[in-house]
Amino acid sequence: MGALFPNYGRWEIEIVEGQGTKVKDSNGKEYLDFVTGIAVCNLGHRPPKVQKAIEEQLNKVWHVSNLFQASHQEKVAALLTENSCGDYVFFCNSGAEANEAAIKMARKHTRRNKIITFVQSFHGRTFATMCATGQEKIHSGFGTLLEEFVYLPYNDEKAIEAEMGEDVAAIMLEVIQGEGGVNAANEAFLKKCEELCQKFGALFIIDEVQTGIGRTGKAFAYQHAGLSPDIITTAKGLGSGFPVGAMIGKAHLKDTFSPGTHGSTFGGTPLAMAAAKATLDEIFQPAFLQSVSEKGEYLKKQLKEQLADIPFVKDVKGKGLLLGIQCDQEVGPIIAEIHKQGLLVLVAGPKVIRLLPPLTVSYEEIDEAVQILKNTLTKYSSLPI
Ligand SMILES: *Cc1c(COP(=O)(O)O)cnc(C)c1O
């Protein structure tokens, strides 16, 4: 175990098995998994239909180059475009790559350089997406950043109005900032961004890498606000754990990525597409999405009620099954204790406990998780810190 770069802060736990909401560690201890690989295992661990689709594809062909015809990609692209305002899809392997494609598309399409993003955003770790990310700690140490990324305060209509002009290629944002603290954008601000993009001929890019694929109770979270972005990026939940990302764009962008202008060796392989198709077939059912909304509201209400008396808990925020417990102190040490009690959760910034259960989580599992949180936080609030 000594030969890995130490670029992750890892918890002590090693997960060796998973099924549905439950995972088991190397000591045989069971947990409820409200991390789900960070909003990846939206159908729980090893969902049977996705597993079957991957197994069937394993017996046909694993990888073919994008130099060949791609009906396997067409099927997934149809599902993504039928369930969004987009018309065309480019497949890649991760969220950062989807955003990288969006940034390249915006610059090439508009022939402009400036991209507006927001403070506390997170768009990925490649060079361009790191530069798009509005967090200094993520830029730190990597030398000169790419030019013409501008970070504005989130939810500030005046700031965006002042910055916007005919030199702007795109506004890029998350409708709920996931890594940055589970901060939701308000509808007026989102509408203002869209309107200014239309007025000045810039592209409106929504990063749905964490919020998409049913996580908030809609196929994509921008749909709650009735927006119509030019580009939507997605990844995390798209393959139920099989690595796959996608950039979805409107018809007017079609000719910008002409043959030879952008690509990816692994983008949209038959295995990835088998996983994505089986995932979307399930998640994009209206009744499924409705159940996510209902469970999300139930979990939020339970958390608000059960944690009301804990002095350092200030708010419960987020939408659907992307929720954050806002505390007024650092939550790192509390997270480890919650894990010990059998519930896996993560942070979103220093003071927010983030909950990302599988969208298939049961009401019983939600109740169990809320009890663990209540007991652990109550115990913690009585300790001198
Ligand atoms: C996770 C995430 C990314 C980066 O995705 P990777 O697959 O890790 O490259 C980009 N944007 C958002 C909003 C994310 O949550």
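Biologist: What makes alanine 96 a polar contact of the ligand?

Modeller: An oxygen atom of the ligand is 2.8 Å from a polar backbone atom of alanine 96. A polar contact is a pair of N or O atoms within 3.5 Å (inside protein, one must be able to donate a hydrogen and the other to accept it, and sequence neighbours count only if both atoms are side-chain atoms), so this pair qualifies. Bear in mind that this is a predicted model, where local features need pLDDT of at least 70, side-chain atom pairs count only at pLDDT 80 or more, and totals for chains, interfaces and linings use all residues. Residues are numbered from 1 along each chain as its sequence is written, and side-chain values use heavy atoms, with hydrogens and water left out.

Biologist: Which side chains have an N or O atom 2.8 Å or 2.6 Å from a ligand oxygen?

Modeller: Glutamine 210 does at 2.8 Å, and lysine 236 at 2.6 Å. Overall, the protein covers 81% of the 390 Å² of accessible area that the ligand has on its own (Shrake-Rupley method, 1.4 Å probe; for residues, only the protein chains shown count as cover).

Biologist: Why is glycine 95 called buried?

Modeller: Its relative accessible area is 13%. Buried means under 20%, exposed over 50% and partly exposed in between (1.4 Å probe, protein chains only), so glycine 95 makes the cut.

Biologist: Where does glycine 95 lie?

Modeller: In helix H4, residues 95-110, which gives the most to the shell around the ligand, with 3 residues. Helices here are DSSP runs of H or I, at least four residues, numbered from the N terminus.

Notes: Helices (H or I, at least four residues) and strands (E, at least two) are DSSP runs, numbered from the N terminus.
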